[in-house]
Structures are given as C-alpha cells and as structure tokens.
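Hi everyone, thanks for coming. Let me put the structure up on the screen, and then I'll walk you through it piece by piece.

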Amino acid sequence: MTVRRAAEAGTGGSPGLLLAAVAFGALLNPLNSSMIAVALPAIARDFQVPIGRLTWVIAAFYLASAVGQPVMGKVADLVGRRRVFFAGLALVALASALAPLAPTLGALVAARVLQALGSSTLYPAGMAAVRDAFTGRTGQALGILAVFASTSAALGPSLGGFLVQAGGWQALFSVNFVPVALSAGLALRAFPVDAGAAGSSGAASPGPARAGSSGAVSPRSARVGSPGAGAASPRPARARSSGAVPSGPARVGPSAAPASPRRSAPVDGPSGSSPSAGPGRGQRSAAPMERAGGLGELGRRLDGLGVVLFAGTVTFGLAALLSLSEPQPAWWAMAVAIGLGVALARWEGRVRAAGREPFLDLELLRRDRARTAVYGAWILSNLAFYTVFFGMPAYFEEVRHLDPRTSGLMMLSVAGFSSVASPLVGRWVDRAGHRPALWAAGLSLSTGALALLVVGPQAPLALLFVVLAFLGASNGVNNLALQTALYRFVPREETGGASGLYMTCRYIGSILSSSLLGLILAGPLDGRMLRELALGLLVPAVGLLALIRWIPASGAGRIPARRR
C-alpha cells in the first residue's frame with residue numbers, strides 16, 4: 001500500500017470542514033465564560049442566596065479551565081485527539097443538560113466545573129488536528145479560530161441577556177446544544193481518525209518522512225523547505241537502531257523500542273513546510289496511544305502526581321491573585337501556591353531523572369527560551385487587553401459620565417479591532433513569519449499606552465476611539481503571531497499540551513488584570529484614572545517588547561534535546 005493510500009485509510013474530511021468543527025467546539029469555552037455574567041441576579045433569586053455568594057459560579061469555571069486546558073491537551077496527545085475531542089463535546093452536553101436541573105447552588109457550580117473541563121478539551125485537541133491539516137497555512141487557520149473565540153466572548157453578555165429574558169438562566173445552558181451538535185456533525189466527517197500507535201510505543205509515521213513521537217524515523221530526515229506539506233521525501237527515511245524497518249521509500253513500520261527524544265522542532269510557515277507535515281486531508285492524527293494500552297497505559301504515562309501538584313499550584317496561585325484587591329489579601333494562598341510549586345519542580349525533576357515524561361517539563365521551559373518567551377508574552381498581552389477591556393468602561397461611565405450604551409459603543413473599538421486583526425494578519429504571518437507581526441503588535445500596544453498618557457482625561461471621544469483601536473488590534477495580532485510562533489517551536493506530538501498551557505496563560509493574564517484594576521479602582525475615580533490605566537499598560541508593553549527579542553524567526557533546531 002502506498003503512503004497516500006495508507007493515509008487515506010484514516011478518512012478524515014476536508015481541512016475546511018475540520019476547521020469549522022474545531023471552531024464551533026472552541027467557542028464554547030469563551031461563550032460560557034462570558035454570558036453567565038448577566039444571569040447572576042436571576043440565579044441568586046432562584047436559589048435565594050445573596051448575589052455575592054455566586055462568585056464561585058464564575059471563578060470555578062475559570063479555575064477549572066486554567067487547570068483543565070493543559071491537562072486535557074496532554075491527555076489528547078497520549079490517548080488520541082479525535083477521542084478526546086468527542087469526549088469533550090459529550091461532557092459539555094452532559095453538563096448543559098444537568099445544570100438547569102441543579103437542586104442547589106453547589107450542584108450548579110459542579111455542573112459548571114464539568115462544563116469547563118469538557119470545553120477545555122476542545123481547543124487543544126482540535127488545534128493539534130488543525131495544525132496537521134493546515135501545514136504552511138497555520139496563520140490563516142488561527143485567524144479564523146480567533147474570530148470565533150473572540151466574537152463569542154464579546155457577544156456572550158448580549159446573547160446571555162436575550163436568553164435570560166426569553167427563558168430564564170436555564171436557557172444559557174440549553175443554547176450549548178446548538179454548537180455541540182454542529183461541531184459533532186462536522187467532526188464525524190472531518191476529524192482525522194486516531195492512529196493506532198503513539199508516543200513511546202512506536203507509531204507508524206503520520207507523515208511520509210516523519211514518525212510520530214515514537215521517533216521511528218529520525219526527524220532530521222525531514223528537511224525544511226521541501227516541496228509541499230506531506231510530500232514524500234526523495235530519499236528513503238532511515239530507521240533507527242531500535243529495529244524499525246522501512247517498508248518503502250518514505251514509510252516505516254512500528255518500532256521495537258522508544259526512540260531517542262532528540263529532535264528538531266517542525267516548522268510551519270513561510271520558511272517552508274517540512275515533509276513531516278503530518279496528516280492533512282484524509283490522514284490519521286498523529287501520536288495517539290495504542291488501544292491495547294488503554295487507561296492503564298494512560299495512568300502510567302500521564303504523571304498523575306505532577307497533574308495534581310500543577311492543579312494545586314494554579315488554583316491557589318490564582319486565588320491569591322484574585323484577593324490582591326481585597327482589604328485583606330489571602331497571603332496564605334500564595335504561600336501554599338509557592339510550596340506546591342516547589343514540590344512540583346522537585347517531583348518533575350525526579351520524573352525526568354527516572355527516564356519518564358513529566359507532565360510539565362520545567363527543565364525544558366528553562367532551557368527553551370523561545371517557548372517560555374511565547375508563554376510570558378501571552379500573559380502580558382492578556383494583562384494589557386483585559387485591563388483596557390474592563391478598565392475603560394469604568395472610566396467612561398464614572399469619569400466621563402457616559403451612559404452604558406455609549407460606553408459599550410466605544411468599547412467596540414477594542415473588541416472589534418481585536419477580532420478583525422487576526423484573520424487579516426493571518427496571510428501576512430504565513431508569508432513573512434511571526435516576528436514582524438509581533439513587533440507590530442508590541443509597538444501598537446506601546447503607542448496606545450503612550451497616547452492614553454498624553455491625550456488627557458478630557459480628550460475627544462473620537463480620539464480615544466482611535467487609541468483604543470490600536471490597543472485592540474495589538475491583542476488580535478499578538479494572539480495569532482504568538483500561537484504561530486509556538487507551533488514552530490513545539491513538536492507536533494506535543495501540540496495538545498502546549499496549546500492547553502498557552503490558554504492557561506490567558507487566564508493568568510486576565511486574573512492579573514483583575515488585581516491591577518482592583519488597585520486602580522480602589523482610588524478616587526477622577527481624571528487621574530486614565531493616567532493610572534496608561535501607566536499600568538506601559539509595564540506589559542515594555543515587557544512584551546523585551547520578550548519578543550527572545551523569540552527567533554524560525555523554530556528549526558531551537559528545541560533542546562530532552563534527556564531521558
């Protein structure tokens with residue numbers, strides 16, 4: 001059987017249908033995180049509790065998402081992206097059916113956690129499949145996904161208000177069945193079938209000249225700049241000494257032993273697509289676990305204690321950050337987070353020394369400056385974006401005395417330009433690389449922050465609208481360019497986990513902005529507020545420009561070897 005016919009045996013649909021399936025799934029998390037805000041008074045009345053007790057209805061969703069995204073991404077890399085994607089859709093549907101029936105507030109919070117965990121699987125698992133299908137055009141695909149995510153988050157409160165008025169707060173959960181059904185129907189036709197082997201177990205190559213994480217073929221045989229994604233290499237792929245035997249010029253059989261983890265990062269983008277492009281149309285998704293291994297194999301490879309320590313570190317750390325604006329911050333939570341973080345670092349070091357795969361490879365993050373810089377830049381970008389998104393309405397209404405409708409129209413400049421910038425910049429990033437876009441985003445953020453500092457609190461609204469456009473566009477460009485950069489540095493078989501950790505950085509940035517705004521809004525709400533917001537934005541702007549210097553133009557050869 002030829003490579004092409006073998007790939008087509010997996011029968012996925014067209015890349016366009018796959019992108020639509022992932023987009024409808026990926027919008028569920030931001031949609032449900034934003035539209036619940038307008039339902040809090042109705043929920044408080046139904047459960048007869050003070051509205052202040054509903055904090056956990058929102059916070060539990062954010063915390064579960066922050067922890068769940070990298071965990072579920074890692075599970076998707078091990079078990080198989082298609083299986084995990086459909087499991088996520090099923091969890092969202094189950095939570096959406098149970099939440100309206102919740103007898104107590106605690107049961108509703110539990111349903112929200114289940115909903116967050118389900119929706120947290122969809123982006124990392126789906127993005128791994130999209131990356132394989134859109135090799136060389138990752139920027140365009142990311143731009144479309146960004147539009148779905150940002151638009152659903154921006155329209156969430158408006159849609160939520162309509163649904164609550166029409167059918168009560170329960171309608172917020174019922175509406176989820178529409179995107180779940182659309183995503184599931186498209187994914188059944190288009191989502192690549194999981195291959196039969198994975199990771200260290202020895203996989204058949206998902207692409208003509210590249211094996212999965214098993215390393216049955218040396219990825220160095222996949223050269224950057226080859227003619228087209230998925231094209232067979234003119235030279236036979238060489239088997240490792242582990243006993244992999246090539247069955248043709250560009251395909252290898254299963255390996256008898258795990259391969260060496262030394263590898264170069266694949267490159268998706270303008271510098272050329274490697275032949276290791278992975279599955280496109282009709283191919284199997286890369287590097288899932290052997291079916292025979294089942295849950296036992298997952299338990300052996302997932303590093304469960306690492307997951308628990310990571311979850312505790314994130315949960316207590318975010319709780320401490322959320323409390324910074326309160327009269328008595330929860331310093332004890334920060335102490336617990338630091339202790340758990342130290343324990344996580346030590347445990348992951350022991351796992352790595354034992355030759356097993358850690359859940360969070362801290363040593364790799366320490367040595368791989370480019371990947372760490374991408375995560376740090378995304379935290380700073382979200383710190384700036386959410387500071388503007390939630391801070392400027394308070395300025396407009398409390399200082400300029402605008403009505404909520406006019407304030408909302410002004411904020412369309414931020415959300416609108418953030419959404420529009422992503423797809424427009426996609427082709428540019430695919431053609432010119434991510435660094436020009438990153439510099440443009442960093443300079444746009446710096447320009448907007450300086451402009452807010454200079455224009456003064458009584459600046460014309462038209463001028464402020466233009467300034468906010470710069471700030472919104474910066475976030476949209478950053479989102480697309482940073483993700484494109486990340487996928488050039490991360491091996492394909494680690495896409496799910498890397499995507500999940502990237503999304504966790506978004507939550508960290510948003511919660512940091514909440515702490516910053518708490519400090520700003522605690523003072524007098526007068527003309528000085530705009531100056532304080534501008535100074536608050538300059539800090540992430542300067543940090544972003546500094547981190548961009550650490551992000552190289554190409555991912556080839558940038559990832560250090562992982563020692564086992």
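Let's begin with the rings: there are 12 aromatic pairs in this structure. One of them is made by Y395 and F396, with the ring centres 5.5 Å apart and the planes at 50° to each other, which makes the pair a tilted one. If you're wondering about those two values, a pair of aromatic rings is described by how far apart the centres are and by the angle of the planes. And are Y395 and F396 buried or exposed? Both are buried.

I should say right away that what you're looking at is a predicted model. So please keep that in mind as we go.

Still with the aromatics, F47, W169 and F173 come together as one cluster. Then have a look at Y507: R506 lies over the face of that ring, 5.2 Å from the ring centre.

Okay, let's zoom out. The protein has 564 residues, and 57% of them are buried. In terms of secondary structure, we have 20 helices and two strands. Now take the contacts with a separation of 6 or more: 82% of those are between residues 24 or more positions apart. As for the outside, the accessible surface is about 22200 Å², and carbon and sulfur atoms account for 65% of that.

Next, the salt bridges. How many does the structure hold? It has three. In one of them, the side chain of R81 meets that of D77, at 3.0 Å from N to O. R81 and D77 are both buried. R81 also has a salt bridge with D132, this time at 3.8 Å from N to O. Here's the bit I like: D132 sits in helix α7 and R81 in helix α6 (residues 81-98), so this pair ties together parts that are 51 residues apart in sequence. Why do we call D132 buried? Because its relative accessibility is 4%, and buried means under 20%. The same reasoning works for R81, which counts as buried because its relative accessibility is 1%. Since they share partners, the salt bridges join D77, R81 and D132 into one network.

The other salt bridge to point out is between D368 and R371, where the closest N and O atoms are 3.3 Å apart. Both D368 and R371 are buried too.

Let's go back to helix α7, which covers residues 105-133 and also holds Q115. Q115 is buried, with a relative accessible area of 1%. So what is Q115 in contact with, if we leave aside its neighbours within four places in sequence? The list is N32, F61, V92, A95, S96, F173 and N176. You may recognise F173, because we met that residue in the aromatic cluster with F47 and W169.

Last stop, the surface. L450, L453, V454 and L535 make a nonpolar patch of about 350 Å². Which helix gives the most to the nonpolar patch? That's helix α17, residues 434-455, with three residues. V454 is in helix α17, and V454 counts as exposed because its relative accessibility is 69%, where the cut-off for exposed is over 50%.

That's my tour, and I'm happy to go back to any part of it.

How values were computed: Residues are numbered from 1 along each chain as its sequence is written. This is a predicted model: local features need pLDDT of at least 70, side-chain atom pairs count only at pLDDT 80 or more; totals for chains, interfaces and linings use all residues. Side-chain values use heavy atoms; hydrogens and water are left out. Rings of Phe, Tyr and Trp (its six-membered ring) pair if their centres lie within 6.5 Å; planes under 30 degrees apart count as stacked, over 60 as edge-to-face and the rest as tilted. Buried means under 20% relative accessible area, exposed over 50%, partly exposed in between (1.4 Å probe, protein chains only). A charge sits over a ring if NZ of Lys or CZ of Arg is within 6 Å of the ring centre and within 35 degrees of the ring normal. Patches are made of residues with over 30% relative accessible area and no salt bridge: like charges are joined within 9 Å, nonpolar side chains (Val, Leu, Ile, Met, Phe, Trp, Tyr) within 5 Å. Accessible areas come from the Shrake-Rupley method with a 1.4 Å probe; for residues, only the protein chains shown count as cover. A salt bridge is a side-chain nitrogen of Lys or Arg within 4 Å of a carboxyl oxygen of Asp or Glu. Helices (H or I, at least four residues) and strands (E, at least two) are DSSP runs, numbered from the N terminus. Contact means heavy atoms within 4.5 Å.
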